[in-house]
Amino acid sequence: MNRLWVRLTLAFVIVTLVTVITVSGAAFWNAGQVFVQFLARPDVLGGSLLKALQEHYRQHGSWEGVADLPDWVTQASGPASGSPIIPQLHWLLADAQGRIVYADRPVLSSQKLTAGELRSAQPLVVDSAVVGYLVAMPPDPSSMDPTAQSFRHQMEQPILIAALGAIGLGLGLGLLISRSVAAPLATLARTARAFAAHDWTQRAPLKDTARITEINEVARAFNDMADSLQQAETLRRNLMADVAHELRTPLTVMQGLLGALLDGVHPLELKEIAILYDETRLLTRLVEDVRELALAEAKQLPFAMQAVDVGMLLHAAAARFVAAADAQQVTFQVDVPEALARVRADPDRTAQVLQNLVSNALRHTPVGGRITLAAQTHAAHVQVSVSDTGEGIAAQDLPYVFDRFYRGEGSWARTSGNSGLGLSIAKVLVEGMGGAIGVESTQGQGSRFWFTLPLA
């Protein structure tokens, strides 16, 4: 009973039944009225009663004494022609104002004809003036002649057959339409259950739901959700695998070195302690990067938004890395216009983004290369860029440089001391401040990382 197709079928059946009963009842009633009107027609009755009534009014000038007319008895038993289909009729006679002056059934003398009775009444005309109305009342079905009853049944039988046919057609169409609506929903439910059972390849078949727009939209929304969940699950698995891999490297180094110290292979000197200390710093940096990335993606990382001078942050970033750049014989250049507009951002988070981009550029810029920090004001934002003259990034790697732990092959292979999360963190930080980030690169010529921040 709770099935959708059952409920839809019942709804169709109920609507069909109500419609058929209403229409059939109206048709039966109308057929009876038309039948009575047919019986009361002068050409059917023979016209003797009408002529007698009109002659009575012409002689008396009123309807007094009309009840004594002998034609009432004659017409109540049927017409002079003796037609077998004419049943016994009952009569109402009213004056020109519609007041009943005679009835072969008890009525109030002051009672008037109804609007419906007036419409079916036969007017009585004397000297071109309507002087009264004659109304034939519906006959008693039990008093009808068998031939008259057969005639009436012949009128009602087509209506009854049409009503039964309409009920059957409504039931069939209701069942067909309800099943066509419920079938794609059942398919969608099976797909959802399979997907919930971790079958990530399951998708709703859009071909089966294309006939109904709303269900097709639900199927498309389900498939979009499934794509997002599958991608999130893939990223989660990759993150777990990458974190485990990144943690394994420093732990393996520490375990090996500590084992060698315990076995006396290496003497306990400051050099070995320094190696252990560097590995613990790498572990600390990795754990902190993973934590910060998780908070940022969950939108739980706080931002102290305020008006920020980007030019000052660029000069500060260049000063922070100038010693390392000199050691690698890399030139730093800062290109900031004097009238650079302020942006609305978190200064500490913006400095962190710059630090990640500059350190990344410094790792991949060879001796004698150049790193340029620049900023330009646009209509609604300021664009900041970090360009280098390094080896560049392969075209197939460009779409993935902001993914967690992603580093391309060859010159983009893992670099010591890099957690592989810097660019991912830079991306979520910039987007968290209402900006966008991207990269342009030509292999062999260098790369240009840029990000935008809204104007203050």
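**Exercise 1. Determine whether helix α12 is mostly covered or not, and name the residues concerned.**

Solution. In this predicted model, 8 of the 11 residues of α12 are buried, so that count rests on a relative accessible area under 20% for each of them. The buried residues of α12 are G422, L423, S424, I425, A426, V428, L429 and V430. With 8 of 11 residues buried, α12 is mostly covered. Beyond the helix, α12 is followed by G434, whose phi is positive and lies near 90°.

**Exercise 2. Classify the ring pairs Y57 with W63 and F402 with F449.**

Solution. The model holds 3 aromatic pairs, among them the pair of Y57 and W63, whose ring centres are 4.9 Å apart and whose planes stand at 50°. Planes under 30 degrees apart would count as stacked and those over 60 as edge-to-face, so the pair of Y57 and W63 is tilted. As to accessibility, Y57 is partly exposed at a relative accessible area of 21%, whereas W63 is buried at 10%.

For F402 and F449 the ring centres are 6.1 Å apart and the planes stand at 85°, so this pair is edge-to-face. The pair links distant parts of the chain, since F402 lies in the loop between β9 (381–388) and α12 (422–432) while F449 belongs to strand β11 (residues 446–454), 47 residues apart. Both F402 and F449 are buried.

**Exercise 3. Describe how α10 and α11 cross, and which kinds of residue make their contact.**

Solution. Begin with the geometry: the axes of α10 (residues 310–327) and α11 (residues 347–363) come within 10 Å and cross at roughly 35°, and the crossing is right-handed. Next, list the contact, to which α10 contributes L313, L314, A317, F321, A324 and A325, and α11 contributes P347, T350, L354, Q355, V358, S359 and L362. Finally, sort these residues by character, which gives 10 nonpolar, 3 polar and no charged.

**Exercise 4. Work out the strand order of the open sheet of 5 strands, and state where α10 packs on the sheet.**

Solution. The order is β6-β8-β9-β11-β10, with mixed pairing. The edge strands, each of which pairs on one side only, are β6 (331–335) and β10 (437–442). Neighbouring strands are turned by 15° against each other on average, direction ignored. At the β10 edge, β10 and β11 pair in the antiparallel sense over 6 bridges, and S447 of β11 is the bridge partner of S441. Helix α10 packs on this sheet by touching β6, β8 (370–377) and β9, and its direction makes about 175° with that of β6.

Note on methods. Residues numbered from 1 in each chain as written. Predicted model: local features only at pLDDT ≥ 70, side-chain atom pairs only at ≥ 80, totals over all residues. Heavy atoms only, no water. Phe/Tyr/Trp six-rings, centres within 6.5 Å; stacked < 30°, edge-to-face > 60°. Buried < 20%, exposed > 50% of the residue type's maximum accessible area, 1.4 Å probe, protein only. Helix = DSSP H or I, 4+ residues; strand = E, 2+ residues; numbered from the N terminus. Axes fitted to C-alpha atoms, helices over the stretch in contact; angles between N-to-C directions. Left-handed = near helix turned anticlockwise from the far one by under 90°. Contact = heavy atoms within 4.5 Å. Nonpolar A, V, L, I, M, F, W, Y, C, P; charged D, E, K, R; others polar. Pairing = 2+ DSSP bridges.
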